[in-house]
Amino acid sequence: MVKCIGTKRSMFMPVFMSNIKKLMEEKKVTVRAIAEQANLSKQTVLTARTDEGITECRLSTLGKIADALGMKTTQLYEEKKAEDTDKA
């Protein structure tokens, strides 16, 4: 099983904000459907789609989710500086 982990952010570490939740809503796809199609656990998909940012995730996991959504991996996240996310 592969995992995506959301952890405390360092102000020096870039933060990757997940677009997965928004993309899933746009495509009307459930967590269960993505998990099954990508051969991932539901918890992995839930963690990857969190609004709090992704600080550690295997590219292979993001690639599987992207394939299941019919998207490029780079469309699943936005890179932001940690201080930008702390202000919000």
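A helix here is a DSSP run of H or I with at least four residues, a strand is a run of E with at least two, and both are numbered from the N terminus. In this predicted model, that gives the chain 5 helices and 4 strands. Read from the N terminus on, the elements go β-β-α-α-α-β-α-β-α.

How far can the prediction be trusted? The mean pLDDT of the chain is 81, and 74% of the residues reach at least 70. Confidence isn't spread evenly, though: helix 2 (residues 31–38) has the highest mean, 97, while helix 5 (residues 82–87) has the lowest, 54.

Next, the chain as a whole. Of its 88 residues, 36% are buried. Taking the contacts between residues at least 6 apart in sequence, 76% link residues at least 24 apart.

Helix 4 (residues 59–69) is a good one to follow, starting with its packing against helix 1 (residues 20–27). The axes of these two helices lie 11 Å apart, at an angle of about 20 degrees. Angles under 35 degrees count as roughly parallel, so that is how helix 1 and helix 4 run relative to each other. The crossing of helix 1 with helix 4 is left-handed. On the helix 1 side, I20, L23, M24 and K27 make the contact, and on the helix 4 side it's L62, I65 and L69. Sorted by class, the contact has 6 nonpolar residues, 1 charged one and no polar ones. A handy bit of background for reading such lists is that an α-helix has 3.6 residues a turn, so residues three or four places apart point the same way.

Helix 4 also packs against helix 2, and here the axes are 9 Å apart at an angle of about 115 degrees. Helix 2 is therefore roughly perpendicular to helix 4. This crossing is right-handed. Helix 2 brings I34, Q37 and A38 to the contact, while helix 4 brings K64, I65, A68 and L69. The class count for this pair comes to 5 nonpolar, 1 polar and 1 charged residues.

Some helix 4 names turn up in both places: I65 and L69 touch helix 1 and also helix 2. Which residues of helix 4 are buried? They are T61, L62, G63, I65, A66, A68 and L69. Right after helix 4 comes G70, with a positive phi near 70 degrees.

Conventions: Residues are numbered from 1 along each chain as its sequence is written. This is a predicted model: local features need pLDDT of at least 70, side-chain atom pairs count only at pLDDT 80 or more; totals for chains, interfaces and linings use all residues. Side-chain values use heavy atoms; hydrogens and water are left out. pLDDT is the predictor's confidence in each residue, from 0 to 100. Axes are lines fitted to C-alpha atoms, for helices over the stretch in contact, and angles run from 0 to 180 degrees between N-to-C directions. Angles under 35 degrees count as roughly parallel, over 145 as roughly antiparallel, 65 to 115 as roughly perpendicular and the rest as oblique. A crossing is left-handed if the near helix is turned anticlockwise from the far one by less than a right angle, and right-handed if clockwise. Contact means heavy atoms within 4.5 Å. Ala, Val, Leu, Ile, Met, Phe, Trp, Tyr, Cys and Pro count as nonpolar, Asp, Glu, Lys and Arg as charged, and the others, Gly among them, as polar. Buried means under 20% relative accessible area, exposed over 50%, partly exposed in between (1.4 Å probe, protein chains only).
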